[in-house]
Amino acid sequence: MSIISDSLKRIKPSPTIAVTQKARELRAAGKDVIGLGAGEPDFDTPDNIKKAAIKAIKSGDTKYTAVDGTPALKKAIIRKFKRENKLNFSSDQITVGTGGKQVLYNAFMSTLNKGDEVIIPAPFWVSYPDMVLLAGGKPKIIKCTEREGFKLTPEKLKKAISKKTKWLILNSPSNPTGAGYSKKEIQDLAKVLVRNKKVYVLSDDIYEHIRYDNFNFFTIAQISKLKDRTLTMNGVSKSYAMTGWRIGYAAGPKEIIKAIGKIQSQSTSNPSSISQAAAVEALNGNQGFIQKRSKAFKERRDFVVRSLNNIKGIKCLTPNGAFYVFPSCRGLLNKKTKLKTDTDFVQKLLEKSNVAVVQGSAFGLDGYFRISYATSMQNLKKAMDRIKSFCENLI
Ligand code: PLP
């Protein structure tokens, strides 16, 4: 009999973390590896936020807090939703966790029964299906093609809903494609769910602030009749370059918020008191950092998309947000190149050219790969040169 539980056997370790780890190991072994696998901004946390954390330490803000967030942080989150999304919530509709990841995990753990289905549009963030599986649910993966802009259509949503569907996950702008849903696209999906009367929506808005070309961000609770059936998740990791601080939050129906708090009370308890104080400053303080940083990301996005589309066999859409591109390598998977899958492509690319990217199949869509351009222009230039020579040598 195995010591490891059956539920753990249903899941696999995060492939994006695995690629980052592999790149780290190769670098430690002396190889000049460029890692384009990591999903975190390369910018440092702004100084005003760091100072708020130091102040919290010095003033003894170092004890347990309320399990699902300090009153000060909940107040800052309520203000954020009002200011940026025109959404009104009370503090019993807000929960704070150790990263958005914990909030999502707790949401699934507290709502899914065995066999309950969760609709996950692919390409998806790698953790959704495994979190659902761990909670005993069934991921229902709906592939969204490049021609559809990698976005779910109302027709596909309608078809995907069954008696067992509990949640639909929406992630805009998306990891891994950077695709963002327009107001109309969200409202058209919402219409299907309003008619259905039962399915809940988990809106993962973690990349809300990283967007380009005047792309207008909307979240489903704000522009539909589904607020009572939506859990809106967000966090400070990506917007404020605070991945290591581990603060995420969500707003939604009291019943779910209470259930999430119950799990948290018996597992991790409150997120770090110091990180919560820092998150209050992030949400209430000067927001100028966001604009400045988005400008830098846009330059990189433009450079990367242009460079990739200049490579024979590679095709790349221009995304609206986040810091990822999701190019197709299908043109290079054939007998001549001896590459059959996107996994072959990314493995060979790492082996021959020392560039680490993640295969599209890890995100639920074969024939693609994900590049994170949250790294310096210098690194990106070197990486694009290497990818170009690698691909040209294949043909
Ligand atoms: N959702 C998406 C789509 C992500 O890409 C990530 C992080 O990579 C998260 C949620 C979780 O972020 P965190 O746990 O750092 O708040």
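A residue counts as exposed when its relative accessible area is over 50%, and as buried when that area is under 20%. The model on screen is predicted.

**Stop 1: K197**

Select K197, in the loop between α8 and β6. Its relative accessibility is 66%, so K197 is exposed. Look at the backbone too: phi of K197 is near 70°, a positive value in a residue that is not glycine. Most residues other than glycine have a negative phi.

**Stop 2: A322**

Go next to A322, in the loop between α12 and β9. A322 also has a positive phi, about 60°, without being a glycine. Is A322 buried or exposed? Its relative accessible area is 0%, which makes A322 buried because the cut-off is under 20%.

**Stop 3: K312**

Stay in the loop between α12 (288–309) and β9 (324–325) and select K312. K312 has a relative accessible area of 63% and is therefore exposed. Which residues does K312 touch, leaving aside those up to four places away in sequence? Display L332, C391 and I395 to see these contacts of K312. For a distance label, pick the C-alpha atoms of K312 and G360: they are 19 Å apart in space, and the two residues are separated by 48 positions in sequence.

**Stop 4: two cis peptide bonds**

Move to the loop between β5 and α8 (183–196), where P173 is found. The peptide bond joining S172 to P173 is cis, with omega about -15°. P176 lies in the loop between β5 and α8 as well. The bond from N175 to P176 is again cis, and its omega is near 25°. Most peptide bonds are trans.

**Stop 5: the ligand**

Keep N175 selected and show the ligand. A side-chain N or O atom of N175 is 2.8 Å from an oxygen atom of the ligand. Add Y207, where an N or O atom of the side chain is likewise 2.8 Å from a ligand oxygen. Then add R246, which has a polar side-chain atom 2.7 Å from an oxygen atom of the ligand. How much of the ligand's area does the protein bury? Alone, the ligand exposes 400 Å², and the protein buries 93% of that. To see the surroundings, display the residues around the ligand, 13 in number. The closest are G100, D204, S237, K238 and R246.

**Stop 6: helix α10**

Finish with helix α10, residues 254–265. Its 12 residues, at 1.5 Å each, should span 16 Å, counting one less than the number of residues. The C-alpha atoms at the two ends are 16 Å apart, in agreement with the expected span.

Colour I256, I257, I260, G261 and Q264, the buried residues of α10. Turn the view to look down the helix axis: the buried residues of α10 fall within an arc of 140°, so they line one face of the helix. Which exposed residues sit on the face turned away from the buried side of α10? They are E255, K258 and K262.

To see what the buried residues of α10 pack against, show these elements:

- the strands β2 (94–97), β5 (165–171), β6 (200–204), β7 (230–235) and β8 (248–251);
- the helix α5 (99–111).

Conventions. Residues numbered from 1 in each chain as written. Predicted model: local features only at pLDDT ≥ 70, side-chain atom pairs only at ≥ 80, totals over all residues. Heavy atoms only, no water. Helix = DSSP H or I, 4+ residues; strand = E, 2+ residues; numbered from the N terminus. Buried < 20%, exposed > 50% of the residue type's maximum accessible area, 1.4 Å probe, protein only. Arc of directions from axis to C-beta. Contact = heavy atoms within 4.5 Å. Near = heavy atom within 4 Å. Polar contact = N/O pair within 3.5 Å; in protein donor to acceptor, adjacent residues only side chain to side chain. Areas by Shrake-Rupley, 256 points an atom, 1.4 Å probe, with all protein chains shown as cover.
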